Amino acid sequence: MAGNTLTRMDLTEAVFREVGLSRNESAELVENVLAHMSDALVRGETVKISSFGTFSVRDKAARVGRNPKTGEEVPILPRRVLTFRPSHLMKDRVAAGNAGRTG
């Protein structure tokens with residue numbers, strides 16, 4: 001399954017099959033859920049999905065970085081970054097999915 005990507009369309013199709021809404025209603029539902037999550041994150045709120053994980057926004061301070069090619073010091077401006085912390089259940093599921101696989 002490596003290399004595959006789950007898309008909005010895949011989520012819409014899953015809602016269509018599992019819930020029984022029309023394709024348009026399924027697409028609207030997926031878009032609304034993603035919009036609510038995005039809006040909450042923009043406001044600086046944490047989005048916690050039980051048994052999945054937590055999305056949060058973190059402020060990073062300004063710092064001095066270094067250009068790896070030239071070694072020149074470069075200022076890095078303060079910024080907000082999105083972080084995701086998977087739940088223990090999700091970590092366990094992913095680890096179990098990797099069990100038995102070789103590099």
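**Entry 1: strands S1 and S2.** I began with S1 and strand S2, the latter covering residues 53–60, and in this predicted model I found that the two pair in the antiparallel sense over three bridges. Looking for a single pair of facing residues, I noted that Lys48 stands opposite Thr54 in S2.

**Entry 2: the sheet around them.** I then followed the sheet outwards and saw that it is an open one of three strands, with the order S1-S2-S5 and antiparallel pairing. Strand S1 (47–49) and strand S5 (79–86) stand at the edges, and because each has a single partner strand, one side of each is left without a neighbour in the sheet. I also looked up the turn between neighbouring strands of this sheet, which is 25 degrees on average when direction is ignored. As a reminder to myself, strands of a sheet pair through backbone hydrogen bonds, either parallel or antiparallel.

**Entry 3: the hairpin.** Next I turned to strand S3 (residues 63–66) and strand S4 (residues 73–76), which run antiparallel and are joined by four bridges. Here Gly65 stands opposite Val74 in S4. The hairpin of S3 and S4 has six residues between the strands, and in this hairpin I noted that Gly71 takes a positive phi near 80 degrees.

**Entry 4: Ser87.** Is Ser87 buried or exposed? I first located Ser87 in the loop between S5 and helix H3 (88–98). Its relative accessibility is 17%, and because buried means under 20%, I count Ser87 as buried. When I left aside its neighbours within four places in sequence, I found Ser87 in contact with Ser51, Phe52 and Gly53.

Methods. Residues numbered from 1 in each chain as written. Predicted model: local features only at pLDDT ≥ 70, side-chain atom pairs only at ≥ 80, totals over all residues. Heavy atoms only, no water. Pairing = 2+ DSSP bridges. Axes fitted to C-alpha atoms, helices over the stretch in contact; angles between N-to-C directions. Buried < 20%, exposed > 50% of the residue type's maximum accessible area, 1.4 Å probe, protein only. Contact = heavy atoms within 4.5 Å.
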